[in-house]
Amino acid sequence: MASSPPPSDDVLLSPTAAIALLRSLNDDRLNALVDVSTFLGTSEGPIMGKSVTAILAETSVQISLDKSRFLSYNNKELEFAVTIIPRSTWAFNNGPDGNYAHLSWKTGDAPRGVTVESNMGSYQVWTKTTRSATNLQLFWKTQLWPSNFLGSPRQVEMAMSGQPATQAAFDIAKGVHAAIDAKFESHAKEMGIKKRASTNGPTSTMFVSARRSVFLPSAVPLDEGRMSEHQAGSTLLNNLGDVDLKWNRVPAVRVFDYRTRSFKEMSWHEVHHLGPGVVINAMIAPRAYLNSKKELVWEFQLLELNVVGKKSEDILASPLKYSVKRPAAVLDLTDSDGEGSATGDTPSKRSRGAVSTGGAVGSRSGAGASGSAVVDTPSKSSRGAASAGGAAAAASSSGASGSATGDTPSKSSRGSASAGGAGAGAASGSGASGSRGSRASGSGGSGLGAVLSE
């Protein structure tokens with residue numbers, strides 16, 4: 001079954017036009033952005049005034065029409081808004097058919113426009129390259145594993161991953177992941193089944209990652225988003241011969257124009273061309289399901305992406321000098337009689353000891369009163385630690401009053417959501433027929449607009 005093409009008046013931003021709308025973010029502005037755009041909540045907006053633990057304690061595990069399990073808070077699906085920066089490689093699996101692959105493609109029998117190359121080293125992995133039939137400059141690359149060639153079309157997915165934008169965002173995401181993991185662990189014990197350990201947690205290079213099915217059973221409502229402009233007219237489903245499948249929607253990708261404080265839409269299939277350093281507020285929701293071994297497995301489902309800014313060039317560059325302020329060492333330089341200075345030619349034993357002790361500290365902070373240590377070429381860890389200090393302060397309240405966004409997989413509307421905090425998270429209207437939910441276009445919100453305004 002082919003998907004319907006988007007309306008002719010539905011204009012999507014090009015990656016170049018999208019980048020031109022973005023605000024350049026220095027450390028302070030990025031920390032402030034994380035503070036208003038990383039939260040737990042529902043489609044009605046962030047959940048305010050409660051800790052992550054308290055929020056999860058008030059959720060219940062519900063089963064949706066597609067047999068997946070989701071967390072319900074006040075009869076709305078729990079969502080997590082997290083501000084990330086996409087990884088430099090393999091950040092997006094956003095081709096029209098996701099990570100679908102046929103076993104014959106390994107031997108060069110791939111259809112026109114698709115190539116599959118082996119990258120086998122210490123493990124088995126292939127690279128699938130798909131080229132657009134209508135735009136010769138547009139192509140997608142994704143990694144394939146042995147299971148991708150043997151799996152069912154029902155397991156084909158699209159995905160994205162990105163690193164939390166600041167240390168504060170990472171700490172929030174880590175706490176949210178741990179609380180959700182504990183919730184599903186408790187649910188598995190109640191059901192008398194085994195829960196499989198999460199492989200996409202904070203120690204994973206893919207953290208934070210989220211996925212969405214490319215195909216859905218005909219009886220299951222579509223996910224929120226838009227129909228792909230590249231899937232229209234595709235014969236892939238007919239070639240698969242599975243009449244019980246249909247194309248799913250792709251995630252909506254909205255770009256925040258900080259000058260007009262409004263969102264404009266771009267294609268999910270072109271978001272990988274935005275380049276390094278873009279800052280994205282990802283709306284994701286925890287979903288669990290039973291695998292073939294009847295084990296409970298959970299992951300984040302991708303709802304939508306809001307591109308809210310880009311890192312300033314001075315943050316992306318490696319600084320030549322970096323200073324860490326430390327308290328100055330207090331030295332006792334008086335002689336043994338309490339008079340005079342220990343700076344003479346023959347200092348007393350007491351003063352010599354003090355000078356020796358002070359020298360050890362002063363070798364890092366200098367002999368001056370400022371106590372500043374200057375490191376010409378800081379390591380990544382030292383730069384991250386300093387940056388994390390500001391970030392942690394900016395988002396210190398998130399641990400105590402985390403908020404997230406979410407919505408049951410019903411036809412009810414998911415509110416705009418975006419990074420706008422409480423102002424941008426209001427629900428709007430009801431979803432279209434046959435839809436799991438649609439999120440209204442973001443209005444900018446007081447939080448996001450204030451942070452990114454000139």
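Which residues do ring pairs link into a cluster? In this predicted model, the cluster is made up of F80, F184, W298 and F300. It is a good place to start a tour of the aromatic contacts, since a search of the whole structure finds 9 aromatic pairs.

One of these pairs brings together F170 and F207, whose ring centres are 5.9 Å apart. Their planes meet at 85°, so the arrangement is edge-to-face. F170 belongs to helix α5 (residues 167–191), while F207 sits in the loop between α5 and β13 (209–213); the pair therefore ties together parts that are 37 residues apart in sequence. The two partners can also be described by their accessibility. F170 is partly exposed, at a relative accessible area of 23%, whereas F207 is buried, at 5%.

Helix α5 also contributes F184, which pairs with W298. Here the centres are 5.9 Å apart and the planes lie at 35°, a tilted geometry. With W298 placed in strand β19 (residues 296–311), this contact links distant parts of the chain, 114 residues apart. Both rings belong to buried residues: F184 has a relative accessibility of 0%, and W298 has a relative accessible area of 6%.

From W298 the picture extends into the neighbouring strands. W298 in β19 is the bridge partner of A288, and β19 is joined to β18 by 13 bridges in an antiparallel arrangement. These two strands form a hairpin with 5 residues between them, and K294 in the turn has a positive phi of about 65°.

How many of the 13 residues of strand β18 are buried? The count is 11, so β18 (residues 278–290) is largely enclosed by the rest of the structure. Besides β19, further strands pair with β18. Strand β7 (residues 79–86) runs antiparallel to β18 and is joined to it by 5 bridges, with V82 standing opposite A282. Strand β5 (residues 69–73) is also antiparallel to β18, through 2 bridges; F70 has R287 in β18 as its bridge partner.

Aromatic rings also meet charged side chains in this model. The charged end of K106 sits over the ring of F149, at 4.8 Å from its centre. In a second case, R131 lies over the face of F139, 4.9 Å from the ring centre.

Terms used:
Residues numbered from 1 in each chain as written. Predicted model: local features only at pLDDT ≥ 70, side-chain atom pairs only at ≥ 80, totals over all residues. Heavy atoms only, no water. Phe/Tyr/Trp six-rings, centres within 6.5 Å; stacked < 30°, edge-to-face > 60°. Helix = DSSP H or I, 4+ residues; strand = E, 2+ residues; numbered from the N terminus. Buried < 20%, exposed > 50% of the residue type's maximum accessible area, 1.4 Å probe, protein only. Lys NZ or Arg CZ within 6 Å of the ring centre and 35° of its normal. Pairing = 2+ DSSP bridges.
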